[in-house]
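Open the model in your viewer and keep the selection panel at hand. The stops below go from the whole chain to single residues.

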Amino acid sequence: PIANIHFDAKDLLEKIDTSSYFQVDETGLLHFRYDSALSTVLSDIIQFDDLSVQGSYDIGLTRKATTFSFEDSIVTNRDPDQRFDSLYIKSARLTVVLNPPSNFVGDYIVRFPGIKLPNGQSATVTGNLNSSGTHVLDLTNSIAYFENVGNVSYCPIEFSVTVDNITGIPANTVFSYSLTLDPFEPQVMFGYFGQIDVFKEHQEMDLEFFNSLKISDVIQFKDIRLDVQINNYFGAPLSVVFDSLLFTKKTTNEEVNVTFNGGGNSIIINSAVYDNPVIPSKDTAKFNGDNSNLVDAINLGPDKIYVSIKGKANPNGETGTNFFDADLKLDGKFSIDVPFWFKTGDYVRTDTMNFDVLNELDSVQIDYIDSLNLYFDFTNGFPFNIMAQAYFVDSSNVVIDSMFNEAGGELLWKSGIIDVNGKVTAPSVTNVVIQIDNAKAKKLYNNHAAFIHLNSHISTGDRNNPDFVKLYNNYTMDIKLSVKLKSGSIQ
């Protein structure tokens, strides 16, 4: 004996592609599983207005103590299709520059009733009329409540100016002000954000498995699933549209664009639920042979997948309050599941075995060989029939001679016994004896035979009418190769 080989189905597939991930389900059926993460930042969803305001108020001349009150606002949104209700502020700085008229004695109060500081009090600025001043308010971890009139969302500002006395003739009676919110970093916004595009994601994925398998149209998979799971952390329902789900094969320039749900190519995902933490809404677009042309795409033997998806908020208009958390994003997972349930009429592979037996002999000893017999014992628990031809080659893979006389080779592996469900119920045993006479042995020796190339034509059942079969992990194959030399006299 010179070789004893034992392997199961998973061993075989991992030898084909060690980078791929194979799973065994509860029935023992093998699956090829490919997972890839999806992630997209929900950028440019909330667009704020200028967040600054400049203005003035003429308090006029007065001969007695008087209090003047007037209002202004910081506009946050002018989009008629959106409404801002409230905002948790992550960090912000409000700069208030006040220029009261000269020669006035009194004080002022600038109050922002909609901005609540962490202590629960409204943001407020106070000062004396006898001097100009710049006030900076730290609004970190504050809450802003907006008012909405018409198509405008704004934060109101209340001014109160009390004049106690005038000490001289003033140059003017104008109280001017400038307010700027910068920097400004929102945390969570509530309101209604309209029917806006919230993301567009493009991703490319490589599929090395099918290249390694050397798949072509001779292998056809039957039951294939592709799931795209979306985890929506956005506080609005989304319509997720697959602009493109393109499977390509570079070697043949073939491609299949997968469509599902009658070409609609979209799913609706509910809004996330606001809590601590936010509870995402999860949904999955499920592609299979019944609702899409996915089987055509996989049977292409693709080496790359191009995915392009986009999401639109509130596809059915306003159905509830929206929210947006700046720290969260939309993520998900792209999964291909290919159960090994397939058929093939002529899947071709070439494998190599070492053959250096004759290297142990010298040129004199080779003359005494009467015959060289190779004994192959195959115990096949796989659902494959394998017709094979073998070639003796040298170390440069130059063919020296064939092993079988028949041009197409011989049936080396007979399939295990297959039931009506495509499952092997019992293995088959095949014994093959290869006889090499003295002339052929000398030819192999003189040409330095080093390897055996085994060219296999694999079919599931009859080559002309193959059956769909399933590949289970308990399938095994045992191969034993033995050599017998018969000689009149070898020292």
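What follows is a walk through a predicted model, one selection at a time.

**Whole chain**

Select everything and show it as a cartoon. The secondary structure consists of 35 strands and 4 helices. Align the view to the principal axes: the C-alpha atoms then fill a box of roughly 140 × 50 × 40 Å. The radius of gyration of the chain is 40 Å, whereas a compact globule of 491 residues would have one near 23 Å.

Now switch to a surface. About 23800 Å² is exposed, and carbon and sulfur atoms supply 46% of that area. Of the 491 residues, 47% are buried. If contacts are drawn between residues at least 6 apart in sequence, 84% of them join residues at least 24 apart.

Colour by charge next. The chain carries 36 positive and 61 negative charges. The mean positions of the two sets are 3 Å apart.

**The nonpolar cores**

Which residues have the most contacts inside the largest nonpolar core? Select Phe 112, Phe 175, Phe 247, Phe 287, Phe 334 and Ile 336 to see them; the core as a whole has 128 residues. Strand E6 gives the most to this core, with 7 residues.

Centre on Phe 112 and show its surroundings. Apart from neighbours within four places in sequence, Phe 112 is in contact with Ile 74, Leu 94, Val 96, Ser 122, Ala 123, Leu 137, Pro 156, Ile 157 and Leu 179.

A second core, separate from the one around Phe 112, has 5 residues. Select Val 188, Ala 272, Val 278 and Phe 323, which are among them.

**A buried strand residue**

Go to Ile 219, in strand E15, which covers residues 219-221. Is Ile 219 buried or exposed? Its relative accessible area is 5%, under the 20% cut-off, so Ile 219 counts as buried.

Display the residues that Ile 219 touches, leaving out those up to four places away in sequence: Asn 299, Phe 342, Lys 343, Thr 344 and Tyr 347. Then add Gly 301 and draw a distance between the two C-alpha atoms. Ile 219 and Gly 301 are 82 residues apart along the chain, and their C-alpha atoms are separated by 8.9 Å.

**Two cis peptide bonds**

Select Asp 182 and Pro 183 and display the backbone. The peptide bond from Asp 182 to Pro 183 is cis, with omega near -5 degrees. Pro 183 sits in strand E13, residues 174-192.

Then move to Asn 276 and Pro 277. The bond joining Asn 276 to Pro 277 is also cis, and its omega is near 5 degrees. Pro 277 belongs to the loop that runs between strand E19 (266-269) and strand E20 (281-288).

**Two asparagines with positive phi**

Where is Asn 103? Look in the loop between strand E6 (83-99) and strand E7 (104-116). Asn 103 has a positive phi of about 70 degrees, although it is not a glycine. Its relative accessibility is 30%, so Asn 103 counts as partly exposed.

The last stop is Asn 253, in the loop between strand E17 (238-249) and strand E18 (254-257). Phi of Asn 253 is positive as well, near 60 degrees. With a relative accessible area of 71%, Asn 253 is exposed.

How values were computed:
Residues are numbered from 1 along each chain as its sequence is written. This is a predicted model: local features need pLDDT of at least 70, side-chain atom pairs count only at pLDDT 80 or more; totals for chains, interfaces and linings use all residues. Side-chain values use heavy atoms; hydrogens and water are left out. The radius of gyration is taken over C-alpha atoms; the globule rule is 2.2 Å times the number of residues to the power 0.38. Buried means under 20% relative accessible area, exposed over 50%, partly exposed in between (1.4 Å probe, protein chains only). Contact means heavy atoms within 4.5 Å. Accessible areas come from the Shrake-Rupley method with a 1.4 Å probe; for residues, only the protein chains shown count as cover. Lys and Arg count as positive and Asp and Glu as negative; His and the chain ends are not counted. The place of a charge is taken as NZ of Lys, CZ of Arg, CG of Asp or CD of Glu. A nonpolar core is a set of buried Ala, Val, Leu, Ile, Met, Phe, Trp, Tyr and Cys residues joined through side-chain atoms within 4.5 Å.
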